[in-house]
Amino acid sequence: MSDGQPLRLDGELNIQVAGERLPVLAQAAQAAGLAGTDLTLALDGVEAFDSAGVQLLLSLRKTLADYGVGLRIASASDTVRSVFTTYGLTGLLGPAPAEGT
């Protein structure tokens with residue numbers, strides 16, 4: 001976020017909670033846009049992730065682009081990485097964590 005700390009999302013990022021997560025992400029996008037800084041997410045605590053979560057992140061990326069800023073994913077759980085791989089979206093993820101970390 002604008003204070004240099006990633007916005008941490010934990011637990012579920014799927015169809016069951018997408019509607020609940022949308023206002024939080026919209027507010028974070030607006031704050032990042034107004035500050036002129038990329039929005040950084042920490043997704044290493046996400047345990048349930050599906051196509052609705054992917055849609056939410058892609059929509060967030062478009063909203064941020066409309067503000068002239070970007071989306072960075074600082075960390076992602078194995079679940080998130082697996083879904084991103086399935087959808088061919090690994091370019092959105094940062095480098096894979098080193099073994100043992």
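In this predicted model, three strands come together as an open sheet, in which the order is β1-β2-β3 and the pairing is parallel. The strands at the edges are β1, covering residues 7-13, and β3, and each of these pairs on one side only. If you look at how the strands lie relative to one another, you will find that neighbouring strands of this sheet are turned by 30° against each other on average, with direction ignored. In general, the strands of a sheet pair through backbone hydrogen bonds, and the pairing can be either parallel or antiparallel.

We can now take the pairs of strands in turn. Strands β1 and β2 run parallel and are joined by 6 bridges; within this pairing, Glu12 has Ala48 in β2 as its bridge partner. Helix α1, which spans residues 18-35, packs on the sheet and touches both β1 and β2, while its direction makes about 160° with that of β1. Helix α3, made up of residues 78-86, also packs on the sheet, but the strands that α3 touches are β2 and β3, and its direction makes about 95° with that of β2.

The other pairing is that of β2, residues 39-49, with β3, residues 71-76, and these strands run parallel with 5 bridges between them. Here Leu41 is found opposite Ile73 in β3. How does the chain cross from β2 to β3, and what is the handedness of this crossover? The path leads through helix α2, which comprises residues 51-67, and the resulting β-α-β crossover is right-handed.

Terms used
Residues are numbered from 1 along each chain as its sequence is written. This is a predicted model: local features need pLDDT of at least 70, side-chain atom pairs count only at pLDDT 80 or more; totals for chains, interfaces and linings use all residues. Side-chain values use heavy atoms; hydrogens and water are left out. Two strands pair if DSSP finds at least two bridges between them. Helices (H or I, at least four residues) and strands (E, at least two) are DSSP runs, numbered from the N terminus. A crossover is right-handed if, with the strands pointing away from the viewer, the path from the first strand over the helix to the second runs clockwise. Axes are lines fitted to C-alpha atoms, for helices over the stretch in contact, and angles run from 0 to 180 degrees between N-to-C directions. Contact means heavy atoms within 4.5 Å.
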